[in-house]
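Reader: I'd like to go through this one by asking where the labels come from. Can you take me through the reasoning?

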Amino acid sequence: MKEQLKIRNLNLKNRIFLAPMHQVNDAAFRLLCKKAGATLTYTGLTNPQTHEKLLFNDKPAIQFACNSPKSIKEFIKKYDKKIELYDFNLGCPSPHAKQSHLGYFMISNYEIIEEILKTIRQNTKKPLTIKIRKMPDEQLKKILSIAEEYCDAISVHPRTQQQGYSGMPDLEFARRVKQQTRLPIIYSGNINNCEQAEKMLQEFDFIMVGRSAIGNPSIFSDLLGKKIKKKLNFYDWLKLAKKIQKDNLNFSQIKFQALNFTRDFEGAPEIRHKLSLTKNEEEILDILKINFN
Ligand SMILES: Cc1cc2nc3c(=O)[nH]c(=O)nc-3n(C[C@H](O)[C@H](O)[C@H](O)COP(=O)(O)O)c2cc1C
């Protein structure tokens with residue numbers, strides 16, 4: 001397959017992205033993934049009506065989760081220069097999404113989907129994509145036809161809503177989507193090593209890496225065959241997070257990332273148990289200094 005290193009007007013250095021991940025993909029984490037080689041990094045689900053202070057120093061791809069076009073125009077006006085690409089989530093399987101009629105639970109609301117994509121399209125020249133998961137053919141057909149009108153690519157995570165983020169992805173479903181649309185496909189699901197990455201890049205235009213990047217941004221260097229001096233670690237994250245977020249960095253995010261970055265440590269269960277009991281940053285650093293020195 002001929003390499004396509006562009007989505008709309010966005011030039012890309014390679015075909016490997018960081019998948020959207022709620023809470024995991026803070027600005028510092030996204031920057032580390034970019035440093036390791038990911039050419040595009042996504043935020044997690046973001047409601048365009050949010051009043052939260054959003055940090056986009058790293059020019060991420062933003063992922064919207066909403067069920068009306070309300071506030072989209074204002075959001076784009078405020079942030080457009082800091083955003084690389086817009087994605088609209090149609091795959092979130094969570095109980096919260098179900099309760100709020102978002103993500104996977106709005107896949108039959110074609111009119112609203114179209115209204116939202118049209119609003120984004122009318123207000124930005126940046127690329128626009130949707131992210132879908134495995135769904136019945138009836139909805140897929142309709143959603144693809146809407147996407148063809150407004151979008152520049154489609155991310156496909158071929159697991160069912162019931163599967164959530166685990167179990168085997170259905171490669172046949174992703175292949176069917178590829179066959180049924182002229183839009184480039186960004187494949188998501190179980191990409192953990194070079195062999196998997198190469199295999200998926202033969203069939204699809206781009207790939208995105210989710211869980212195997214958690215606590216391990218250096219996976220992008222591995223997948224790209226880039227030599228690195230040292231694996232990026234929790235201290236690299238903390239230093240960047242402090243620089244970017246200054247006094248707004250909250251302890252629960254520090255603890256969350258400390259737990260992520262120690263997943264594969266020798267003696268991980270014990271270390272992570274200790275980390276889970278910490279009440280401040282000093283306690284975390286105290287536990288980790290033994291492991292990083
Ligand atoms: C902790 C976590 C949070 C996630 N949050 C989001 C999200 O906010 N939006 C989204 O589209 N997908 C989300 N996903 C799904 C991933 O983007 C990805 O499609 C999925 O994990 C499959 O890829 P993987 O097998 O490489 O993890 C999340 C997955 C995980 C594990």
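Reader: At what angle do helix α4 and helix α5 pack, and how far apart are their axes?

Author: Bear in mind that this is a predicted model. Helix α4 (residues 110-123) and helix α5 (residues 137-150) pack at an angle of about 15°, and their axes are 10 Å apart.

Reader: What makes α4 and α5 roughly parallel?

Author: The cut-off does: angles under 35 degrees count as roughly parallel. The angle here is about 15°, so α4 and α5 get that label. As for handedness, their crossing is right-handed.

Reader: Which residues make the contact of α4 with α5?

Author: From α4 you have Y110, I113, E114, L117, K118 and R121, and from α5 there are K142, I143, I146 and Y150. Sorted by class, that contact has six nonpolar, no polar and four charged residues.

Reader: Why are α1 and α9 called oblique to each other?

Author: Start with the angle: helix α1 (residues 27-36) and helix α9 (residues 234-245) cross at roughly 125°. The perpendicular range is 65 to 115, and roughly antiparallel takes angles over 145. An angle of roughly 125° fits neither label, so α1 and α9 count as oblique. Their axes come within 8 Å, and the crossing is right-handed.

Reader: What do α1 and α9 bring to their contact, by residue and by class?

Author: On the α1 side it's A27, A28, F29, L31 and L32, meeting D236, W237, L240, A241 and I244 of α9. The class count is nine nonpolar, no polar and one charged. Asp counts as charged, so D236 of α9 is a charged member of this contact.

Reader: How do you know where domain 1 and domain 2 begin and end?

Author: The bounds come from an automatic or database domain assignment, with domain 1 at 6-224 and domain 2 at 234-292. Their C-alpha centres lie 28 Å apart.

Reader: How many residues of each domain are in contact?

Author: 12 residues of domain 1 touch 12 residues of domain 2. On the domain 1 side, the classes are eight nonpolar, three polar and one charged.

Reader: What makes a residue part of the shell around the ligand, and which come nearest?

Author: The test is a C-beta atom, placed from the backbone, within 6 Å of the ligand. There are 22 residues around the ligand, and A19, H22, G44, G210 and R211 come nearest. The shell divides into nine nonpolar, 11 polar and two charged residues. Gly is classed as polar, so G44 and G210 go in the polar group.

Technical notes: Residues numbered from 1 in each chain as written. Predicted model: local features only at pLDDT ≥ 70, side-chain atom pairs only at ≥ 80, totals over all residues. Axes fitted to C-alpha atoms, helices over the stretch in contact; angles between N-to-C directions. Helix = DSSP H or I, 4+ residues; strand = E, 2+ residues; numbered from the N terminus. Left-handed = near helix turned anticlockwise from the far one by under 90°. Contact = placed C-beta atoms within 7 Å.
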